[in-house]
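Work through the exercises below with the sequence and the 3D structure at hand. Each task is followed by a solution in steps.

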Amino acid sequence: MKHDDCTGCGLPVLELEGQFELVQPYELQHDELPLDQAGCWHTACLLRSRFGPAWAAVRLRTYRDLRKYDTLAELDAWTVLHHTQGDRIALGRTGELLRLASLGSRRRARKVLAGRVFACVDEGYNLELEDGSVIVGIREGFAAAGSYPLLGVCEALGILNKVHHPVALERGIVSAVRQTESRHFITMRLEYGVFVPDELLPYTGGVPT
Ligand SMILES: [Zn+2]
């Protein structure tokens, strides 16, 4: 699958938890948001844009009305929503979404300034690029060291300054690559982190009892 480019800045988007946002055009119903502002965004770009509050309104409506989530808590910067089947998410006032139910143990999450970083693994991330140099660079770097820094991938893609909460990715690595000869396509195992601010920590983890 070819990667998406950010609606905001036009650069490639890595679909990592906490780093990208996606609104499908069908979610727009009441003209809150121009249709051409839907699609995929870097989280960092959305937060810097003027469309964040409109995204927040669209997503709140989608999750409450269409997907039947209920409000669990209204916090300063977030609305926490949950579903009777156990899912729980947080929607930021500026449009970003964090999936809280699927995060691992809070106690094992790394403590950082103003929050914690939860470990996250993507067993098979597919990246397809026309410019072969990026993928060749990852393959060569991985072959030499047995892993490759995720921020190195971001740098090669020109999106280092689009990383939201760099502390979440600073230890991120490509920990395996599937062997093929392709210069334009690579499947990687990614280990990285998801930053969760302090005010959302009580809402992480499994189904509330
Ligand atoms: Zn962007």
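**Exercise 1**

Is Pro34 buried or exposed, and why?

*Solution.* The model is a predicted one. Start with the place in the chain: Pro34 sits in the loop that links β1 (20-23) with β2 (39-42). Next, take the count of neighbours: 10 other C-beta atoms lie within 10 Å of Pro34. Then apply the cut-off, under which a residue with 12 or fewer such neighbours is exposed. Pro34 is therefore exposed. As an extra step, look for Ala54, which is 20 residues away from Pro34 along the chain. The C-alpha atoms of Pro34 and Ala54 are 9.4 Å apart.

**Exercise 2**

Describe the overall build of the protein chain, and decide how its radius of gyration compares with the globule rule.

*Solution.* First list the elements: the protein chain contains 4 helices and 11 strands. The radius of gyration is 18 Å, and the globule rule gives 17 Å for 209 residues; the two values are close, so the protein chain is as compact as a globular protein of that length. The C-alpha trace spans about 50 × 40 × 30 Å along its principal axes. Now turn to burial: 37% of the 209 residues count as buried. Last, consider the contacts with a separation of 6 or more: 60% of them are between residues 24 or more positions apart.

**Exercise 3**

Find the two domains and describe the side of domain 1 that touches domain 2.

*Solution.* Domain 1 covers residues 20-101, and domain 2 covers residues 110-198. Their centres, taken over C-alpha atoms, are separated by 25 Å. The contact involves 5 residues from domain 1 and 5 residues from domain 2. On the side of domain 1, helix α1 (residues 43-48) gives the largest share, with 3 residues. By type, the residues on this side are 3 nonpolar, 2 polar and no charged.

**Exercise 4**

In which order do the strands of the sheet that holds β5 lie, and which are the edge strands?

*Solution.* Strands of a sheet pair through backbone hydrogen bonds, either parallel or antiparallel. Here the sheet is open, has 4 strands in the order β3-β4-β5-β6, and is paired in the antiparallel sense. The edge strands are β3 (70-74) and β6, each of which pairs on one side only. On average, neighbouring strands of this sheet are turned by 25 degrees against each other, direction ignored.

Now follow β5 to each of its partners.

- Strand β4 (residues 78-82) pairs with β5 over 5 bridges, and Trp78 has Gly92 as its bridge partner in β5. The two strands form a hairpin with 5 residues between them, and in the turn Gly86 has a positive phi of about 115 degrees.
- Strand β6 (residues 97-99) is joined to β5 by 3 bridges. Ala90 has Leu98 as its bridge partner, and Leu91 stands opposite Leu97. This hairpin has 4 residues between the strands, and Gly95 takes a positive phi near 100 degrees.

**Exercise 5**

How many residues of β5 are buried, and which way do they point?

*Solution.* Take the count first: in strand β5 (residues 88-92), 5 of the 5 residues are buried. Then sort them by direction. Arg88, Ala90 and Gly92 point one way, while Ile89 and Leu91 point the other way. Finally, look for a helix: α2 (residues 52-66) lies across β4, β5 and β6. Helix α2 runs at about 155 degrees to β5.

Definitions and conventions. Residues are numbered from 1 along each chain as its sequence is written. This is a predicted model: local features need pLDDT of at least 70, side-chain atom pairs count only at pLDDT 80 or more; totals for chains, interfaces and linings use all residues. A residue is buried if 20 or more other C-beta atoms lie within 10 Å of its own, exposed if 12 or fewer, and partly exposed in between; C-beta atoms are placed from the backbone. The radius of gyration is taken over C-alpha atoms; the globule rule is 2.2 Å times the number of residues to the power 0.38. Two residues are in contact if their C-beta atoms, placed from the backbone, lie within 7 Å. Domain bounds come from an automatic or database domain assignment. Ala, Val, Leu, Ile, Met, Phe, Trp, Tyr, Cys and Pro count as nonpolar, Asp, Glu, Lys and Arg as charged, and the others, Gly among them, as polar. Two strands pair if DSSP finds at least two bridges between them. Axes are lines fitted to C-alpha atoms, for helices over the stretch in contact, and angles run from 0 to 180 degrees between N-to-C directions.
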